[in-house]
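Work through these exercises with the structure open beside you. Try each task before you read its solution.

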Amino acid sequence: MKIRTRFAPSPTGFMHVGNLRTALYEYLTAKHEGGTFVLRIEDTDRERYVEGATDVIYNTLKTAGITHDEGPDIGGDYGPYVQSERLSLYRPYAEQLVNEGKAYRCFCSKERLESLRASAPEGTVVGYDRHCRDLSEEEIKKNLEEGIPYVIRQKAPLTGESKYHDMVYGDIVIPNEELDDQILIKADGFPTYNFANVIDDHTMGITHVIRGSEYLSSTPKYNALYEAFGWDIPTYIHLPLIMGKTVDENGETVVSKLSKRHGSTGFNDLINEGFLPEAIINYIALLGWAPAGEYENREIFSMDELIKAFDIGGISKSPSVFDYDKLEWVNAEYIKNMDSDTFNSHAAPYYDELGIDSAHYALLEEMLKPRITRFTQIPEKLSFLKELASYDIELFTHKKSKSSAESSTAILTDVIPMLENVSWDRESIMNVLTGYAEAKEYKNALVMWPVRVAAAGVAVTPGGCAEVLILLGRDESVRRLKIGLSKLTNKETN
RNA sequence: GGCCCCAUGGUCAAGCGGUUAAGACGGCGCCCUCUCAAGGCGCAAUCACGAGUUCGAUUCUCGUUGGGGUCACCA
């Protein structure tokens with residue numbers, strides 16, 4: 001049988017990395033087996049409707065490289081794929097259950113339910129008291145005639161226990177006392193998430209239900225529905241949660257479900273910070289899953305490789321902490337492995353802002369590739385090009401190269417005229433500088449240091465002396481070197 | 001609080017009765033080096049605890065502790 005998985009997000013306007021990883025695993029599970037991946041939008045909550053939110057879902061999946069085979073935007077044989085367009089479908093199923101005595105109309109008001117909860121003893125949580133479960137025909141008829149709004153609730157088993165099998169967590173057993181008479185149809189006539197979910201999964205032929213482990217303990221309710229209809233229960237694959245780490249006011253490390261306070265947790269947040277979609281996918285694929293066999297110990301995966309390598313057996317049970325440092329590293333790996341065209345197209349917007357000529361692209365690629373972990377770091381790395389920072393002559397004192405104000409003064413004095421006449425390319429510049437060092441029996445470092453820092457105005461540059469000079473151009477370089485020299489000589493004459 | 005799940009270094013994790021307990025990120029050190037990176041080499045760091053089962057437990061069972069999840073007319 002061809003397997004079918006689905007991603008069923010609610011359009012909230014925000015795609016959490018946890019949701020994205022769920023989508024990814026659903027996609028990978030289907031594709032690994034040559035199956036079908038379905039996108040379904042679950043928008044039964046009218047109060048939460050957000051304009052344009054479905055576009056966020058489409059865009060995220062698209063840029064993440066997770067392509068669905070069926071969905072609202074592309075159709076398919078099991079449509080419609082938006083729950084709000086399937087509304088007429090759900091009610092008959094609920095009524096069937098009512099007629100069969102497996103569900104009932106509940107006329108209890110929200111106020112009654114609230115007071116029920118409020119009257120519960122401290123520290124305990126109570127469910128619905130099943131007040132309407134056994135109303136007489138007369139009472140039901142009377143309530144109906146009076147137009148009292150009602151919901152449809154399923155009759156949950158009162159005793160015994162419910163058992164099911166999960167592909168990653170194994171056998172799960174829940175005492176039936178824990179099961180509430182869940183609402184199937186809300187008072188507004190809309191189905192609840194749980195109900196619509198089951199109806200849709202079944203009518204869409206979903207074979208593998210893959211979702212976060214927060215559903216582990218409510219799955220028996222889903223199964224009760226499948227059983228009530230006499231449908232086959234799908235294969236369950238529950239996924240460990242992704243956690244975030246923070247430090248509280250007492251200095252204690254706190255781990256909890258990933259949320260806003262952990263920083264950027266939305267796919268778009270990460271993109272805006274400069275993380276590449278492929279790197280994000282790569283990283284989250286490895287969060288909660290470990291490749292085996294020929295792929296064991298591998299860290300970098302393309303989507304195609306993930307599809308080949310993915311197997312359910314490699315999914316772990318325990319929650320994992322989202323590690324920005326590792327994501328950063330993965331991102332850097334992608335940057336290092338980029339071909340020149342790709343690298344340049346990512347970097348070009350930043351180059352443009354700095355007014356950098358395309359003639360320097362190759363040089364910059366060489367300089368930047370090993371030094372950035374995200375493209376958004378480029379402006380900061382190249383900020384020395386924009387203007388000469390004001391600096392103190394302490395900058396010329398460098399222990400390791402044995403550079404000092406005195407040596408720098410002498411070297412700049414000698415070297416500036418040479419640079420004014422040398423052919424302006426890397427090799428020539430280096431030849432002049434190293435030739436000078438050799439003639440003077442200086443170590444290269446002693447010569448390079450003052451030239452580089454005088455040109456850059458800062459101690460740290462993403463490249464060596466010659467690269468800095470090339471980027472600045474001869475005129476600007478010489479201008480800056482002279483400024484450096486005058487700072488040094490003024491100090492001396494003082 | 002009830003119920004469910006989980007438990008290997010700081011983090012991601014391999015392991016599925018006998019191992020010097022992999023690997024990666026991060027950290028630290030060394031090398032390279034005109035700075036910073038990258039790269040190379042190396043180091044430190046883990047089986048939560050207690051009982052069992054067994055010739056032998058990281059691995060199996062139970063308990064304890066810790067962590068997480070869940071108990072809506074939200075999804």
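## Exercise 1: Two helices side by side

Helices α18 and α19 are roughly parallel to each other. The model is a predicted one.

**Task.** Show why α18 and α19 count as roughly parallel, then describe their contact.

**Solution.**
- Step 1. Take the geometry. The axes of α18 and α19 are 9 Å apart, and the packing angle is about 30°.
- Step 2. Apply the cut-off. Angles under 35 degrees count as roughly parallel. The pair α18 and α19 is therefore roughly parallel.
- Step 3. Add the hand. α18 and α19 cross in a left-handed way.
- Step 4. Find the residues. α18 brings Met448, Val451, Arg452, Ala455 and Ala456, which meet Cys465, Val468, Leu469 and Leu472 of α19.
- Step 5. Sort them. The contact of α18 with α19 has eight nonpolar residues, no polar ones and one charged.

## Exercise 2: A steeper angle

**Task.** How are α3 and α6 oriented, parallel or perpendicular?

**Solution.**
- Step 1. Read the angle. Helix α3 (residues 87-99) packs on α6 at about 100°, and their axes are 10 Å apart.
- Step 2. Classify. Angles of 65 to 115 degrees count as roughly perpendicular. So α3 is roughly perpendicular to α6.
- Step 3. Name the contact. Leu89, Tyr90, Tyr93 and Ala94 belong to α3, while Phe195, Ala196 and Ile199 belong to α6.
- Step 4. Sort by class. The contact of α3 with α6 has seven nonpolar residues, with no polar and no charged ones.

## Exercise 3: Neither parallel nor perpendicular

**Task.** Which residues of α9 and α11 meet, and what is the hand of the crossing?

**Solution.**
- Step 1. Locate the pair. α9 covers residues 277-285 and α11 covers residues 324-336. Their axes come within 9 Å and cross at roughly 130°.
- Step 2. Classify. The helices α9 and α11 are therefore oblique to each other.
- Step 3. Give the hand. The crossing of α9 and α11 is right-handed.
- Step 4. List the contact. Glu278, Ala279, Asn282 and Tyr283 in α9 meet Lys326, Leu327, Val330, Asn331 and Tyr334 in α11.
- Step 5. Sort it. The contact of α9 with α11 holds five nonpolar, two polar and two charged residues.

## Exercise 4: The surface near the RNA

**Task.** Which residues come nearest to RNA strand B?

**Solution.**
- Step 1. Count. There are 73 residues around RNA strand B.
- Step 2. Pick the nearest. These are Ala187, Tyr193, Ser318, Ala445 and Gly464.
- Step 3. Find the elements. Those giving two or more residues to the surface near RNA strand B include α4 (110-118), β6 (170-175), α11, α18 and α19.
- Step 4. Sort. This surface has 31 nonpolar, 24 polar and 18 charged residues.

## Exercise 5: Domains

**Task.** Where does domain 3 lie in chain A, and how many of its residues are in contact with domain 4?

**Solution.**
- Step 1. Read the bounds. In chain A, domain 3 spans 340-377 and domain 4 spans 385-493.
- Step 2. Take the distance. The C-alpha centres of domain 3 and domain 4 are 24 Å apart.
- Step 3. Count. Six residues of domain 3 contact seven residues of domain 4.
- Step 4. Find the main contributor. Helix α13 (residues 361-368) gives three residues, the largest share of the side of domain 3 that touches domain 4.

## Exercise 6: Backbone exceptions

**Task.** Is the Gly79 to Pro80 peptide bond cis or trans?

**Solution.**
- Step 1. Recall the rule. Most peptide bonds are trans, and most residues other than glycine have a negative phi.
- Step 2. Check omega. From Gly79 to Pro80 omega is near -5°, and the bond is cis.
- Step 3. Place it. Pro80 is in the loop between α2 (53-64) and α3.
- Step 4. Check a phi. Lys402 has a positive phi, near 65°. Lys402 is in the loop between α15 (383-386) and α16 (405-421).

Technical notes:
Residues numbered from 1 in each chain as written. Chains lettered and ligands numbered in written order. Predicted model: local features only at pLDDT ≥ 70, side-chain atom pairs only at ≥ 80, totals over all residues. Axes fitted to C-alpha atoms, helices over the stretch in contact; angles between N-to-C directions. Helix = DSSP H or I, 4+ residues; strand = E, 2+ residues; numbered from the N terminus. Parallel < 35°, antiparallel > 145°, perpendicular 65-115°, else oblique. Left-handed = near helix turned anticlockwise from the far one by under 90°. Contact = placed C-beta atoms within 7 Å. Nonpolar A, V, L, I, M, F, W, Y, C, P; charged D, E, K, R; others polar. Near = placed C-beta within 6 Å. Domains from an automatic or database assignment.
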